[in-house]
Amino acid sequence: MGTSSDGGRPWQSYTTAYTNAKAGMDGVDKDKVQRVVYEMSKGSKYFENEQRKEAFTKQKVEHLRAQVVKLSEKDILHFEMIANKRILELEASRDLSKIWLHTDMDAFYAAVETLENPSLRGKPMAVGGLSMISTANYEARKYGVRAAMPGFIACKLCPDLIFVPINFEKYMFYSELTRKVFRRYDPNFISTSLDEAYLNITEVCINQGMSSDEVATELRNAIFEETGLTCSAGVAPNQMLAKVCSDINKPNGQFILPNDRKAVMTFISSLPIRKIGGIGKVTEHVLRDALGIKTCEDMLQECALLRALFSSCSSDFFLSVGLGLGSTTTPKQKMRKSISNERTFRTTKDESFLLQQLGDIAEALSNDMDKECLSGRTLTLKLKTASFEVRTRAVSLQKFIHSKEDILQFASRMLKAELPLSLRLIGLRMSHFSDDKIGTLDPMQKTIVGFLSSDATGLSAMHIENKDRPNIGDKVEQQEVFDFNDRQSMQGMEVGLPSIDDHSGGRHDGRSFQCESLQSVCSDDADGFNMNSSCLDESKSSISVEPNRSMDPVGATSTSSHKAGLIWVDDYICSVCGIELPPSFIEERQEHSDYHLAEMLQEEESSCSSGQVARERYRFMHKETQAGESSSRKKKQKVKHIPIEAFFSKQV
DNA sequence: GGGCCAACTCGAG
DNA sequence: TTCCACTCGAGTTGGCCC
């Protein structure tokens, strides 16, 4: 982003959610749009935050590249064999018997506003405000104006742009009209938003003796007659492809992909991965720059790398994309999982103002919950600082709440624990709803939180007011001493293979563990949060060691190889747990061996009366290898399995 | 080993 | 002059506990 390598055109590398092409933007001078966006953004806090985020993505890319370099030819062949086997399995699951139709209303909000106010017709118009645009009509898109773009930037691109405020009631009314039409074709249609839906039109095609092309035309005509609005449609053998197809002939058009394997594979071969739902800016960047994957076909070409570097569920998703596979079933009715309310305001550190905002948000959230008869027990506070850094703090309660008073009580505690802080956004989210809607069940009856808590008011997992000593639940306070960005930047790399970079003991919770153990190690210090680093390192393993005991390193090493009994079956598979690691991943294999050694020592410890020898041996080995922290990750990877249908948002 | 938890990222519309 | 939203779902992690 704006480096010396950009040839004096730094805006070309500044990409946002709104600098990519969208329907109706084919003739737009992309370079000009990017330059304007860049010029209006550079130097701002927002811009700086975007730079930080991009730096983290680049770290991910570099990490993956390093892993690729380490793979030997033998490794590649090995993973290619596994990937090819998986491709055959996925291919066998291909279902070409269903016909799915995806509809997408054309510039929905803008079209509704124009329908109700015809004087807007033919003029560039956007729904939203100076801070953010929700959608823009096709006249505005010719200037590069589009959804998710700040209004003040849109004004620069199109000085004559007309702004219309959002009116959700109107959009919901028209959305319901479209749904009445959808029901005629598929009573169980899947609505993904006010203006999009998936319909299984298999039966309609068979029963009415119509082609999918004819059904799509008829449906679009019906929607126009009922609403006066146009929409686009895509037809394909599955939902993923139908969604891609509906974008091809936008606006007011349709595209039919036949239920034929050859047609699907031809269609998918040159399709950019960014067109696939679930692959966004970050994933595209990582796959392109680390593995050279640009099209869906590339996913199959690089199947060995995908299998080697990502978890099985991630690589399954990528391979499915390469094969043009997607969901062909209608899921059961989904229940709401959370409800939230947030608002942005002018950056301030005025405590009374922030608490006033919090009260308003709590009231709005409570009203929204009452409308849906919801009552929840997990309350999450979201904060956005002046530098656009987002923080969240959550509390799980002993009772289900929904009233403004209850919400505000717990939200205020969390907010006050963070102040003083300069903020630009506050949000509240409620989750873990009661089954009986607004109810009085005791949710903590079988949970450990209630066991830990002595707080009769309901605050259990947090101990905000207790600043005197560290506590397992003191996540809010411990956050203060932890640079979460550093940790988070590496988080996405920990897929498929254990990370060699992370010996820190984990994230915030890892630190909280360290702080807790310091209570015994550094008991002289009244304030558990001001430990120096050496003290933290010392406490890492949370073991107190008697100084006079000694350990024979040779003996310890031989125990490692002998008693853990770890061999690599077929050069790749751990004989103890079955996890797969290529021979060239020397450090990772060493970590893995250490993990099993630690396991073995733990067993030894439990059968030994004092356990001291085993602990010291472990401590010695741990220090020698600088490893052992990623062991639980390996365990998780081994057992984790997510069905392909459920995996529609990837993790990288 | 598995469920739960808190804090976080990513993506969508 | 104005200066980058809001809502929701789904995934990850390490730690805790039974």
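**Exercise 1. The sheet**

In this predicted model, work out the strand order of the open sheet and find which strands stand at its edges.

*Solution.* Start with the order: the open sheet has five strands, arranged 5-6-1-7-8 with mixed pairing. Next, look at the two ends of that order. Strand 5 (190-193) and strand 8 (254-256) each have a single partner strand, so one side of each is left without a neighbour in the sheet. Finally, follow the twist, which averages 15 degrees from one strand to the next.

**Exercise 2. One edge and one face**

Find how many bridges join strand 7 to strand 8, and which strands helix 7 touches.

*Solution.* Begin with strand 7 (residues 231-236): three bridges join this strand to strand 8, and the two run parallel. Within this pair, glycine 234 stands opposite phenylalanine 255 of strand 8. Now turn to helix 7 (residues 168-185), which packs on the sheet and touches strand 1 (100-105), strand 5 and strand 6 (196-200). The direction of helix 7 makes about 15 degrees with that of strand 6.

**Exercise 3. Two helices**

Describe how helix 2 packs with helix 12, and say what kinds of residues meet there.

*Solution.* Take the geometry to begin with: helix 2 (residues 45-70) and helix 12 (residues 281-291) pack at about 35 degrees, their axes 9 Å apart. The crossing of helix 2 and helix 12 is right-handed. Then list residues: helix 2 brings Val61, Leu64 and Arg65, among others, to meet residues of helix 12 including His285, Val286 and Asp289. To finish, sort the residues of this contact: seven are nonpolar, two polar and six charged.

Terms used:
Residues are numbered from 1 along each chain as its sequence is written. Chains are lettered from A and ligands numbered from 1 in the order in which they are written. This is a predicted model: local features need pLDDT of at least 70, side-chain atom pairs count only at pLDDT 80 or more; totals for chains, interfaces and linings use all residues. Side-chain values use heavy atoms; hydrogens and water are left out. Axes are lines fitted to C-alpha atoms, for helices over the stretch in contact, and angles run from 0 to 180 degrees between N-to-C directions. Helices (H or I, at least four residues) and strands (E, at least two) are DSSP runs, numbered from the N terminus. A crossing is left-handed if the near helix is turned anticlockwise from the far one by less than a right angle, and right-handed if clockwise. Contact means heavy atoms within 4.5 Å. Ala, Val, Leu, Ile, Met, Phe, Trp, Tyr, Cys and Pro count as nonpolar, Asp, Glu, Lys and Arg as charged, and the others, Gly among them, as polar. Two strands pair if DSSP finds at least two bridges between them.
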